[in-house]
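The exercises below concern one protein chain and its three-dimensional model. Please attempt each task before reading its solution.

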Amino acid sequence: MALGAPRVFVSHLSGIAVFDPVGDQVGRVRDVVAMLRVGSLPPRVLGLVVEVVSRRRVFLPMTRVTGVESGQVITTGVVNMRRFEQRPAETLVLGELLDRQVTLVETGERVTVLDVGLTRIPSRRDWLIDKVFVRRGKGGPLRRRGETLTVEWSAVTGFSLDEEEQGAANLLAVFDQLRPADLANVLHHLSAKRRGEVAAALDDDRLADVLEELPDDDQVEILRKLQDERAADVLEAMAPDDAADLLSELPEKDMERLLRLMEPQDAAPVRRLLTYEEHTAGGIMTTEPIVLRPDATVADALARMRVEDLPSPLAAQVYVCRPPEETPTGKYLGLAHFQRLLREPPGTLVGAVVDTDLRPLPPDTPLPTLTSYLAAYNIVAAPVVDESGSLLGAVTVDDVLDHLLPDDWREAAALEAVGAAGAAARGTRRNNREAAGGR
């Protein structure tokens, strides 16, 4: 079933192969990890339990699943090989939800769960369990008796946890639709105790997104409250530059301990970023821009730009380099802007449309020079290249703004928004009074 298809049932996922983008098999799906929520809210699907070649079972976040089709799962790339350990707030769908006795809300009848359906919210990265396939009647081990039917998740009870047992989940249910920046603002204004509870209840990817939007003090406070293994998982889910910024706020021994717990392929770019001064191109850059070889096509470039999770500034251009394509790359040849790519036939090689006039920046470029560079050339990202000509990463305009704005800009922006909302409300009330002939 294609990623954009409306639904896939869990029973169809069991045992299917998982492949990386180049077609190499990573392992096989053994279970699905979900988080139950209060009331009739459908559970969020957090990821898959994948058994790799060594028979180790690892966790694959749903945010790294790009396709579920033709009896296989396609991932975005590297899979964290740390052994999967189920957390208290997590539920294994195949192991714990199937064959459970639940109750139909409308009739009060007890039914048996045979399967559940997963659906992806088109406008977001989230997957939810929205359908339940059940059997009426007692039935036997071969399930040959009893009527079967598919109902909405909200049509049955017996799955969701009681509200008094949910703690921070009640708050999460209220703010589930918030963007990371808005949820970060909510967390910032909670008590330290409540902030820790909410952070503990968030899944790794959601918490990573929120941490990237929080002030440094809040980031450090939350990270210190997490178990070391969980903290390392969250750091792996963060953008390398944001993870490096956070780790730089910790004492040396704590920073090194967490780096050792991270997967080597995730820790390596973070360690590299930590070697640069904070307010320089090297200290601000991300190590994960779109890198292509000169023999890649325009179609290849546009496909990479269309990846949903890619931040907009990084999707504005591709960087053309000799192999290897992971940073630090081979020789940097230039970049290709997305507007130029849109004007070219899909089969055109990106090497033929490279802009070589835009000089790259050395990693020690100071922040004022970097800011002037972006403004002078009207671009949203700039290549960072070392003395040997290898691309190290790219500096994006959003990261530059983070370093230019005052430390309390998030809180000031939130207060300004509240003030604007209050002014609008007062204006509405005044207009209503005037329309009624009052003062």
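**Exercise 1. Place strand S15 in its sheet, beginning with its partner S16.**

Step 1. Strand S15 and strand S16 (residues 332-337) run antiparallel and are joined by five bridges. The model is a predicted one, in which local features need pLDDT of at least 70 and side-chain atom pairs count only at pLDDT 80 or more, while totals for chains, interfaces and linings use all residues. Residue numbers start from 1 along each chain as its sequence is written, and side-chain values use heavy atoms, with hydrogens and water left out. Helices (H or I, at least four residues) and strands (E, at least two) are DSSP runs, numbered from the N terminus; two strands pair if DSSP finds at least two bridges between them.

Step 2. On the other partner, S14 (residues 291-292) pairs with S15 in the parallel sense over two bridges.

Step 3. Tyr319 of S15 can serve as a reference point: Val291 has Tyr319 as its bridge partner, and the partner of Tyr319 in S16 is Leu335.

Step 4. The result is an open sheet of three strands in the order S14-S15-S16, with mixed pairing. S14 and S16 are the edge strands, each pairing on one side only.

Step 5. The connection from S14 to S15 passes through helix H13 (residues 298-305), and the three elements make a right-handed β-α-β unit. Right-handed means that, with the strands pointing away from the viewer, the path from the first strand over the helix to the second runs clockwise.

**Exercise 2. Determine whether the residues of S15 are buried or exposed.**

Step 1. Gln317, Tyr319 and Cys321 point one way from the strand, Val318 and Val320 point the other way, and all are buried. Buried means under 20% relative accessible area, exposed over 50%, and partly exposed in between (1.4 Å probe, protein chains only).

Step 2. Since five of the five residues of S15 (residues 317-321) are buried, the strand is largely enclosed by the rest of the structure. For the protein of 439 residues, the buried share is 48%.

**Exercise 3. Identify the residues with the most contacts inside the largest nonpolar core.**

Step 1. A nonpolar core is a set of buried Ala, Val, Leu, Ile, Met, Phe, Trp, Tyr and Cys residues joined through side-chain atoms within 4.5 Å.

Step 2. The largest such core has 74 residues, and Leu235 and Leu341 have the most contacts inside it.

Step 3. Beyond its neighbours within four places in sequence, Leu341 is in contact (heavy atoms within 4.5 Å) with Val298, Ala301, Leu302, Met305, Val318, Ala336, Val350 and Val353.

Step 4. Another core, of 39 residues, lies apart from it and includes Met62, Val68, Leu98 and Trp127.

**Exercise 4. Describe how helices H8 and H10 cross.**

Step 1. Two packed helices are described by the angle between their axes and the distance between the axes. Axes are lines fitted to C-alpha atoms, for helices over the stretch in contact, and angles run from 0 to 180 degrees between N-to-C directions.

Step 2. The axes of H8 (residues 228-237) and H10 (residues 252-261) come within 9 Å and cross at roughly 75°. H8 is therefore roughly perpendicular to H10; angles under 35 degrees count as roughly parallel, over 145 as roughly antiparallel, 65 to 115 as roughly perpendicular and the rest as oblique.

Step 3. From H8, Asp228, Glu229, Ala231, Ala232, Leu235 and Glu236 meet Arg257, Leu258 and Leu261 of H10.

**Exercise 5. Examine the backbone at Pro324, Pro328, Asp99 and Asn378.**

Step 1. Most residues other than glycine have a negative phi, and most peptide bonds are trans.

Step 2. The bond from Pro323 to Pro324 is cis, with omega near 0°, and a cis bond also joins Thr327 and Pro328, with omega about -5°. Pro324 is in the loop between S15 and S16, as is Pro328.

Step 3. Asp99, in the loop between helix H2 (93-97) and strand S9 (101-104), has a positive phi of about 70°. Asp99 is partly exposed, at a relative accessible area of 46%.

Step 4. Asn378 has a positive phi near 55° and is exposed, at 71% relative accessible area. Asn378 is found in the loop between helix H15 (367-377) and strand S17 (381-385).
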